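Here is a short set of exercises to work through with the model open beside you. Try each task before reading its solution.

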Amino acid sequence: MVTFLIRRLIAAIALLVIVSMVTFAIFFLVPRLTGATTADLASRYVGKSAGPQAIHEVEVRLGLNRPVAIQYWNFVKGIIIGAHYDFGPSKVYCGPPCFGYSFINQTPVWPDLLDRAPVTLSLAAGAAIIWVLFGVATGVVSALKRGTAVDRISMGIALAGVSLPIFFTGLVSLAIFRDNLNWFPNAGTYVGLTQNPLQWASALVLPWVTLAFLQAALYARLTRAGMLETMGEDYIRTARAKGLPERTVVVRHALRSTLTPVLTIFGLDLGILLGGAVLTESTFSLPGLGKFAIDSINNNDLPRVLGVVMMGAFFIVLCNLVVDILYAVVDPRVRLS
């Protein structure tokens, strides 16, 4: 088991290095290949209204006119040990991990990411719990009641959940439960968990349910398909022939085998959400990483966009590492392979 964990950890670190190279290439190498100049790259750091002199100063101070390999090394070095940014009479130190410095807002990117991360973490964690519990439970019940009214109704709701976009269900839920019924008057705001746990949960109920409605529908359909396939296997018939209770057959044998593809999708979905639930946060005006990325794109603030991409990639790699470990827990054959 220890060897398995070490292999997975080394693979995760190598993947993060590759992701950093690809991300850096997308932001700095690909524009050059498509004809952009170093001045064009520098203009993305200072906003749309900056003059030629300001753009040239940023181009020189950031070393954008230097070879791409040296720029990438400076980028990685800044993440590990921090970086200094020269503004002429003064210098600003960006401590590690330094994902860049926003010249538009005159602040390092990392503290801004940390300030927005709790919102996205709260949204993703609450929604993930809801969609996994309800999605898997609905899929299991639907598979066991195949062809009945319960199966048709649950799969019909799942089809509606997959078909309806988040911005539609989000706006409808706000109009009904906040504006008309006034059940969640503080929906669309965010209060820290440590400040007021009750208001924190009340403000996030609608975003949780809206986001979970879409994801739970996918998990219900996936679980149902896996359960239907597993329930016809020989070892399930053998377990029943031995006189095992139906609950033991379903939970310990059938459901355990079905969880492997569910864990795969869950790791990807959760990692993407932790990187920023763009549509949900924009619909409910939640100041998380997703809305932070949209605002940065609109303001042409390249360092902030780059920071969100790197943080999103980190969460995806981390969640997939956790999923690999959970594979070994659910199926012992994985850690022996």
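**Exercise 1. Find the salt bridge between Asp-295 and Lys-291, and place both partners in the fold.**

Solution. Start with the pair itself: the side chains of Asp-295 and Lys-291 form a salt bridge with an N to O distance of 3.5 Å. The rule asks for a side-chain nitrogen of Lys or Arg within 4 Å of a carboxyl oxygen of Asp or Glu. Next, look at the element: both residues belong to helix α12 and sit four residues apart, about one turn of the helix. Helices here are DSSP runs of H or I with at least four residues, strands are runs of E with at least two, and numbering starts at the N terminus. Finally, check the exposure: Asp-295 is partly exposed at 29% relative accessibility, and Lys-291 is partly exposed at 25%. The classes are buried (under 20% relative accessible area), exposed (over 50%) and partly exposed (in between), with a 1.4 Å probe and protein chains only.

A note before going on: this is a predicted model, in which local features need pLDDT of at least 70 and side-chain atom pairs count only at pLDDT 80 or more, while totals for chains, interfaces and linings use all residues. Residues are numbered from 1 along each chain as its sequence is written, and side-chain values use heavy atoms, leaving out hydrogens and water.

**Exercise 2. How many salt bridges does the rule give, and which parts does the pair Asp-151 and Arg-224 tie together?**

Solution. The count comes to five salt bridges. In one of them, the side chains of Asp-151 and Arg-224 meet at 2.9 Å, N to O. Asp-151 lies in helix α6 and Arg-224 in helix α8 (residues 197–230), so the salt bridge links parts that are 73 residues apart in sequence. Both partners are buried. As a general reminder, side chains of opposite charge can pair when their charged atoms come close.

**Exercise 3. Describe the surroundings of Asp-301.**

Solution. First, locate the residue: Asp-301 is in the loop between α12 (289–298) and α13 (302–330). Then ask about exposure: Asp-301 counts as buried because its relative accessible area is 1%. Now find its charged partner: Asp-301 forms a salt bridge with Arg-304, with the closest N and O atoms 3.7 Å apart, and both of these residues are buried. Salt bridges with shared partners join Asp-112, Asp-301 and Arg-304 into one network. Lastly, list the contacts (heavy atoms within 4.5 Å). Setting aside neighbours within four places in sequence, Asp-301 touches Arg-44, Ser-102, Ile-104, Asn-105 and Ser-296.

**Exercise 4. Which residues have the most contacts inside the largest nonpolar core?**

Solution. A nonpolar core is a set of buried Ala, Val, Leu, Ile, Met, Phe, Trp, Tyr and Cys residues joined through side-chain atoms within 4.5 Å. The largest one has 69 residues, and those with the most contacts inside it are Phe-28, Tyr-45, Phe-75, Tyr-85, Leu-113, Trp-131 and Met-227. Helix α5 (residues 109–144) gives the largest share of this core, 11 residues. For a closer look, take Phe-28: apart from neighbours within four places in sequence, Phe-28 is in contact with Leu-41, Tyr-45, Leu-64, Gln-71 and Leu-306.

**Exercise 5. Place Ala-220 and say whether it is buried or exposed.**

Solution. Ala-220 is in helix α8. It counts as buried, because its relative accessibility is 3%. Beyond neighbours within four places in sequence, Ala-220 is in contact with Gly-135, Thr-138, Gly-139 and Met-155. Compare a distance: Ala-220 and Gly-271 are 51 residues apart in sequence and 20 Å apart in space, C-alpha to C-alpha.

**Exercise 6. Put the parts into the whole.**

Solution. The protein has 14 helices and four strands. Its C-alpha atoms fill a box of roughly 80 × 55 × 40 Å along the principal axes. Of the 337 residues, 42% are buried. Among contacts with a separation of 6 or more, 64% are between residues 24 or more positions apart.
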